[in-house]
Amino acid sequence: MKFIVLIMALLAALAFVWMRSAQAAVMPQVGQMAPDFSLSDQNGKLQTLADYRGKWLVLYFYPKDETPACTTQACSFRDDIFKLRKLGAEVVGVSIDDATKHAEFAKKHSLPFPLLADKDGVVAARYDSVTNLLLFKLAKRNTFIIDPQGKIAKVYPGANAGRNSEQVLADLPGLQAALR
């Protein structure tokens, strides 16, 4: 009987945490100013949203370094980086992993863009891109295109890891034309 009560209490606590995080988080919408960030990358360099002012920014949140889908997504952005930069866009990845894990991941896969360490999930929460699983957090797989003025231009909630980079490449020219 004690076991059943314990399980019921644990389920109630999980439901409370899930409902609280679902109510508190609101995903930034197209046209809104992108939430600011200031995080260290895999090399220990501080990166801020202001660093990308005047450029298009692809800010993608992903759950964990070295998982199959996250590796696919990162390598797709890596493979398309010259096309993205030709369009005037930079890529930045964000997850809850620490800078050391990011450095290993970036080196292993030759990633030519910053991976930001959001260990506490504060920035991910501002972008409604964090899942609280009671004892730990994971970033959700969401991608945001931020225009040169710092406004959200496009949102990909639950981005497809294998197609995300190609979707961004397809959408960027139209977003840029609309801004002119």
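Histidine 109 counts as buried in this predicted model, because its relative accessibility is 13% and the limit for burial is under 20%. The residue is placed in the loop between helix H4 (99-108) and strand S5 (115-117). When residues up to four places away in sequence are set aside, histidine 109 touches Glu66, Thr71, Cys75 and Arg78. Arginine 78, one of these partners, is 31 residues from histidine 109 in sequence, and the two C-alpha atoms are 8.5 Å apart in space.

Serine 110 belongs to the loop between H4 and S5 as well. In contrast to the buried histidine 109, serine 110 is exposed, with a relative accessible area of 53%. The backbone of serine 110 has a phi near 50°, which is a positive value in a residue other than glycine. A positive phi, of about 70°, is also found at glutamate 66, again not a glycine. Glutamate 66 lies in the loop between S3 and H2 and is among the residues touched by histidine 109. With a relative accessible area of 36%, glutamate 66 is partly exposed.

Two further contacts of histidine 109, Thr71 and Cys75, are listed among the buried residues of H2. The buried set of this helix comprises Cys70, Thr71, Gln73, Ala74, Cys75, Ser76 and Phe77. The cover over these residues includes S3, H3, S4, H4, S8 and H6. H2 has 12 residues, which at 1.5 Å a residue should span 16 Å; the end C-alpha atoms are 16 Å apart, so the helix agrees with the expected value.

Helix H6 (residues 164-179) contains 16 residues. From its first C-alpha to its last, H6 reaches 22 Å, close to the 22 Å expected at 1.5 Å a residue. A kink of about 30° is nevertheless located at aspartate 171 in H6, shortly before proline 173. The residues of H6 that are buried are Asn164, Ser165, Val168, Leu169, Leu172, Leu175 and Gln176. An α-helix has 3.6 residues a turn, so residues three or four places apart point the same way. The buried residues of H6 are covered by elements including strand S3 (56-61), helix H2 (68-79), helix H3 (81-86), strand S4 (89-95), strand S8 (143-146) and strand S9 (152-156).

Strand S9 contains tyrosine 156. This tyrosine is buried, because its relative accessible area is 7%, and burial requires a value under 20%. Apart from neighbours within four places in sequence, tyrosine 156 is in contact with Arg141, Asn142, Thr143, Ile145, Asn164, Gln167, Val168 and Asp171. Of these partners, Asn164 and Val168 appear in the buried set of H6, and Asp171 is the site of the kink. Threonine 143 and tyrosine 156 are 13 residues apart in sequence, with their C-alpha atoms 5.0 Å apart in space.

Alanine 125 is found in helix H5 (residues 122-126). With a relative accessible area of 35%, alanine 125 is partly exposed. Between alanine 125 and lysine 140 there are 9.7 Å in space, C-alpha to C-alpha, and the two are 15 residues apart in sequence.

At the level of the whole chain, the secondary structure comes to six helices and nine strands. Of the 180 residues, 44% count as buried. Among contacts in the chain with a separation of 6 or more, 66% are accounted for by residues 24 or more positions apart.

The search of the whole structure for cavities of 30 Å³ or more finds one. The largest cavity holds about 30 Å³ of space. Its lining is formed by Leu49, Tyr52, Arg53, Lys55, Leu57, Ile146, Asp147, Pro148 and Gly150. By class, this lining has five nonpolar, one polar and three charged residues.

Terms used
Residues are numbered from 1 along each chain as its sequence is written. This is a predicted model: local features need pLDDT of at least 70, side-chain atom pairs count only at pLDDT 80 or more; totals for chains, interfaces and linings use all residues. Side-chain values use heavy atoms; hydrogens and water are left out. Helices (H or I, at least four residues) and strands (E, at least two) are DSSP runs, numbered from the N terminus. The expected span of a helix is 1.5 Å times one less than its number of residues. The bend at a residue is the angle between axes fitted to the seven residues ending there and the seven starting there. Buried means under 20% relative accessible area, exposed over 50%, partly exposed in between (1.4 Å probe, protein chains only). Contact means heavy atoms within 4.5 Å. On a 1 Å grid over the protein atoms alone, a cavity is a set of points where a 1.4 Å probe fits but cannot get out, and a pocket is an open set with protein on both sides within 12 Å along at least five of seven lines; lining residues have an atom within 4 Å of a point. Grid points are joined across faces, edges and corners, and a volume is the space filled by probe spheres set on the points. Ala, Val, Leu, Ile, Met, Phe, Trp, Tyr, Cys and Pro count as nonpolar, Asp, Glu, Lys and Arg as charged, and the others, Gly among them, as polar.
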